[in-house]
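Please look through the model shown below. The paragraphs after it go from a pocket to the nonpolar cores and then to the charged side chains.

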Amino acid sequence: MRIIVMFDLPTLTKSDRREASLFRTNLIKNGFFMVQLSVYCRVTRNHDDARKNVGIIKSFLPPHGSVRVLTITEKQYASMQILIGDKTASETFLNTEDILEL
């Protein structure tokens, strides 16, 4: 299961750029990796874990802009077509088998 975060944040003022950078930094700290500019992804174990991570994202949302979250299964993610370019190293490296459940 994967969570995809897509965002469009204002960067006109220094304060806006700081908020956008802080949001991006928090995504990375919480296990997300960049798929494309303003599109981040994370592997989760199940729906409950995905719901928990969406709640974490809500805790550090910037005050302005647009942030969207999409939760999809691994099968749906694997069916994504790459029309130009290649998979990122993080996409190739991480999959559900890499998650250890205790």
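Strands S1, S2 (33-36) and S3 (39-43) each contribute at least two residues to the lining of the largest pocket. The model is a predicted one. The volume of this largest pocket is about 320 Å³. Its lining is made up of 15 residues, and the closest to the pocket centre are Val35, Gln36, Met80, Ile82 and Glu91.

Strand S1 also takes part in the nonpolar interior. The largest nonpolar core consists of 14 residues, and the ones with the most contacts inside it are Ile3, Val5, Phe7, Phe23, Leu27, Phe32 and Ile57. At least two residues of this core come from each of strand S1 (2-8), helix H1 (14-29) and helix H2 (47-59). Separate from this core is another one, with seven residues, including Ile4, Cys41, Ile72 and Tyr77.

Which residues does phenylalanine 32 contact, leaving aside its neighbours within four places in sequence? Phenylalanine 32 is in contact with Ile3, Val5, Leu27, Tyr40, Cys41, Arg42 and Ile57.

The charged residues come next. There are four salt bridges in the structure. One of them joins the side chains of arginine 2 and glutamate 74, at 2.9 Å from N to O. Arginine 2 belongs to strand S1 and glutamate 74 to helix H3 (residues 74-78), so this pair ties together parts that are 72 residues apart in sequence. Both arginine 2 and glutamate 74 are buried.

Arginine 2 can also be placed relative to arginine 45. The two are 43 residues apart in sequence, while their C-alpha atoms are 8.4 Å apart in space. Arginine 45 sits in the loop between S3 and H2. It forms a salt bridge with aspartate 49, in which the closest N and O atoms are 3.7 Å apart.

Is each partner in this pair buried, partly exposed or exposed? Aspartate 49 has a relative accessible area of 7%, and because this is under 20%, aspartate 49 counts as buried. Arginine 45, with a relative accessible area of 42%, falls between the cut-offs of 20% and 50% and is therefore partly exposed. Arg45 and Asp49 are also linked with Lys52 in a network of salt bridges.

A further salt bridge is formed by the side chains of arginine 51 and aspartate 48, with an N to O distance of 3.1 Å. These two residues are three residues apart in helix H2, so about one helical turn separates them. Arginine 51 has a relative accessible area of 57% and is exposed. Aspartate 48, at 52% relative accessibility, counts as exposed too.

The last residue to look at is aspartate 16, which is found in helix H1. Aspartate 16 is buried but has no salt bridge. Where is the nearest side chain of opposite charge to aspartate 16? That side chain belongs to arginine 17 and is 7.4 Å away. Leaving out residues up to four places away in sequence, aspartate 16 touches Pro10, Thr11 and His64.

How values were computed. Residues numbered from 1 in each chain as written. Predicted model: local features only at pLDDT ≥ 70, side-chain atom pairs only at ≥ 80, totals over all residues. Heavy atoms only, no water. Core = buried A, V, L, I, M, F, W, Y, C linked by side-chain atoms within 4.5 Å. Buried < 20%, exposed > 50% of the residue type's maximum accessible area, 1.4 Å probe, protein only. Helix = DSSP H or I, 4+ residues; strand = E, 2+ residues; numbered from the N terminus. Contact = heavy atoms within 4.5 Å. Lys, Arg positive; Asp, Glu negative; His and termini not counted. 1 Å grid on protein atoms, 1.4 Å probe; cavity = no way out; pocket = protein on both sides within 12 Å on 5 of 7 lines; lining within 4 Å. Points joined across faces, edges and corners; volume = space filled by probe spheres on them.
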